[in-house]
Amino acid sequence: MKIVFLEPLGFSVESIEKACMDLEKYGHDIIVFPDKRPELNIERAEGADIVVQTDMPMGKDFFNSCPTLKMLAIAIVGLDHVDLDYCEKQGIVVKNAAGYSTEAVAELTIGMMIGLYRHIVENDDVTRECHGSAILPGREISGKNIGIIGTGAIGRRTAELARAFGCNILAWNRKPIDIEGVTFVDKETLLRESDIVSLHIALNEETRGFISAKELGMMKKTAVLINTARGGLVNTDDLAEALKTKKIAGAALDVYDGEPPLYYGLPPMTNENPLLSVPNTMLLPHIGFGTVEAKELRLKLVIENIENFVNK
């Protein structure tokens with residue numbers, strides 16, 4: 001089979017080729033492109049049986065231009081950029097790298113909670129500007145109610161880590177499951193009782209704008225919002241207004257509505273984004289998955305998915 005990596009997944013071409021040695025040994029043709037060029041995807045994928053990529057949008061135009069395609073190996077968890085219905089109709093198997101970033105994102109979520117509560121970014125600025133003492137007293141997450149929205153792998157791991165810090169865990173999920181030390185409640189109760197609300201659900205038509213003015217109005221004035229899932233889950237204008245008017249105390253975000261894929265070399269938000277000018281925010285450039293360990297695991301899972309497919 002012809003297996004085409006439309007991008008190098010953060011590795012060198014040689015590293016990808018070395019990782020695919022077993023596939024080559026069994027006669028499969030491995031082609032790895034050294035850069036990410038969405039405008040060349042159709043050309044690069046010509047004649048491919050299997051295509052590997054991360055977050056570049058793929059719809060009917062791409063699939064119709066690649067009639068030989070049998071499998072799409074997505075090197076991230078989310079699949080909202082792929083026309084899954086069309087793939088199913090055409091018999092194209094789609095596999096993601098499920099679980100590769102669970103630990104990375106969960107750890108960052110906890111770090112953002114602590115960073116926001118202890119004003120780490122602001123105090124770094126104070127130090128660099130030689131203002132001396134801390135600008136604000138911090139707070140501890142121990143003993144606080146952490147509201148986990150979405151108890152998939154990342155939500156569950158975040159809850160587990162938060163429990164280790166002595167937090168009380170509330171959770172909302174479409175289908176509540178039995179998790180030790182986690183109390184499942186309805187969405188309204190979670191928003192009203194949580195000191196920290198953390199989002200861990202997928203983005204789809206039902207969840208777009210899941211946190212808007214109504215939900216922000218239910219939260220405590222002392223509460224903070226953490227989003228390491230998908231930017232579209234939160235209404236940006238409503239969040240900016242809630243922060244500006246002190247309806248909630250703060251927000252830490254690693255994802256943004258409409259952000260371009262990270263590897264395109266574009267910023268995750270434009271200068272017009274209202275969150276840039278509101279207080280008590282921590283804004284990160286979509287780094288949740290960005291650890292050495294997660295990157296290595298991602299490549300391992302991608303290759304395993306391909307091997308399982310070709311060995312059927």
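**Entry 1: getting my terms straight**

A residue is buried if its relative accessible area is under 20%, exposed if over 50%, and partly exposed in between. I also note that the model I'm looking at is predicted.

I started with strand β2 and asked which of its residues sit on the covered face. Ile-30 and Val-32 make up that covered face, while Asp-29 and Ile-31 are on the uncovered one.

**Entry 2: the five-strand sheet**

Next I looked up where β2 belongs. It is part of an open sheet of five strands in the order β2-β1-β3-β4-β5, and the pairing is parallel. Which strands are at the edges? I found β2 (29-32) and β5 (93-95) there, each pairing on one side only. From one strand to the next, the twist averages 15 degrees.

Then I walked through the sheet, pair by pair:

- β1 and β2 run parallel and are joined by four bridges. Here I found Lys-2 opposite Asp-29 in β2.
- β1 also pairs with β3, in the parallel sense, over three bridges. Val-4 has Val-51 in β3 as its bridge partner.
- β3 and β4 run parallel, with four bridges between them. Gln-53 has Ile-74 in β4 as its bridge partner.
- β4 (residues 71-74) pairs with β5 over three bridges, again in the parallel sense. Leu-72 stands opposite Val-94 in β5.

I went back to β3 to check its faces. Unlike β2, which has an uncovered face, β3 is covered on both. Ile-50 and Val-52 are buried on one side, and Val-51 and Gln-53 are buried on the other.

What lies across this sheet? Helix α12 (residues 292-310) lies across β1 (2-5), β3 (50-53), β4 and β5. The helix runs at about 165 degrees to β4.

**Entry 3: the seven-strand sheet**

There is also an open sheet of seven strands. I wrote down its order as β8-β7-β6-β9-β10-β11-β12, with parallel pairing. Its edge strands are β8 (182-184) and β12 (281-283), and each of them pairs on one side only. Neighbouring strands here are turned by 20 degrees against each other on average, direction ignored.

I picked one pair to look at. β11 (residues 250-253) and β12 pair in the parallel sense over three bridges, and Ala-251 has Thr-281 in β12 as its bridge partner.

Which strands does helix α6 touch? I found that α6 (residues 102-117) packs on the sheet and touches β6 (145-149), β9, β10 (224-227), β11 and β12. Its direction makes about 150 degrees with that of β10. Helix α11 (residues 236-244) lies across β10, β11 and β12, at about 140 degrees to β11.

**Entry 4: rings**

How many aromatic pairs are there? I got three, counting rings whose centres lie within 6.5 Å.

Phe-62 and Phe-63 form one of these pairs, 5.5 Å centre to centre. Their planes are 80 degrees apart, and that is edge-to-face because the cut-off for this label is over 60. Both residues are buried: Phe-62 has a relative accessible area of 5% and Phe-63 has 4%. Ring pairs also bring in Tyr-86, giving a cluster of Phe-62, Phe-63 and Tyr-86.

Trp-172 and Phe-210 make another pair, a tilted one, with 5.3 Å between centres and 50 degrees between planes. Trp-172 is in strand β7 (residues 168-172), whereas Phe-210 is in the loop between β9 (196-199) and α10 (213-218), so this pair ties together parts 38 residues apart in sequence. Trp-172 is buried at 14%, and so is Phe-210 at 8%.

Phe-210 has another partner too: Lys-187 lies over its face, 3.7 Å from the ring centre. I found a similar arrangement at Phe-11, where Lys-295 lies over the face at 4.7 Å from the ring centre.

**Entry 5: one histidine**

Last stop was His-200, in the loop between β9 and α10. Is His-200 buried or exposed? Its relative accessible area is 11%, so it counts as buried.

What does its side chain join up with? A polar contact of 2.7 Å links the side chains of His-200 and Ser-198. I then left aside neighbours within four places in sequence and listed contacts of His-200; among them are Thr-109, Ile-148, Ile-149, Gly-150, Thr-158 and Thr-228.

Terms used: Residues are numbered from 1 along each chain as its sequence is written. This is a predicted model: local features need pLDDT of at least 70, side-chain atom pairs count only at pLDDT 80 or more; totals for chains, interfaces and linings use all residues. Side-chain values use heavy atoms; hydrogens and water are left out. Rings of Phe, Tyr and Trp (its six-membered ring) pair if their centres lie within 6.5 Å; planes under 30 degrees apart count as stacked, over 60 as edge-to-face and the rest as tilted. Buried means under 20% relative accessible area, exposed over 50%, partly exposed in between (1.4 Å probe, protein chains only). Helices (H or I, at least four residues) and strands (E, at least two) are DSSP runs, numbered from the N terminus. A charge sits over a ring if NZ of Lys or CZ of Arg is within 6 Å of the ring centre and within 35 degrees of the ring normal. Two strands pair if DSSP finds at least two bridges between them. Axes are lines fitted to C-alpha atoms, for helices over the stretch in contact, and angles run from 0 to 180 degrees between N-to-C directions. Contact means heavy atoms within 4.5 Å. A polar contact is a pair of N or O atoms within 3.5 Å; within protein, one must be able to donate a hydrogen and the other to accept it, and residues adjacent in sequence count only if both atoms are side-chain atoms.
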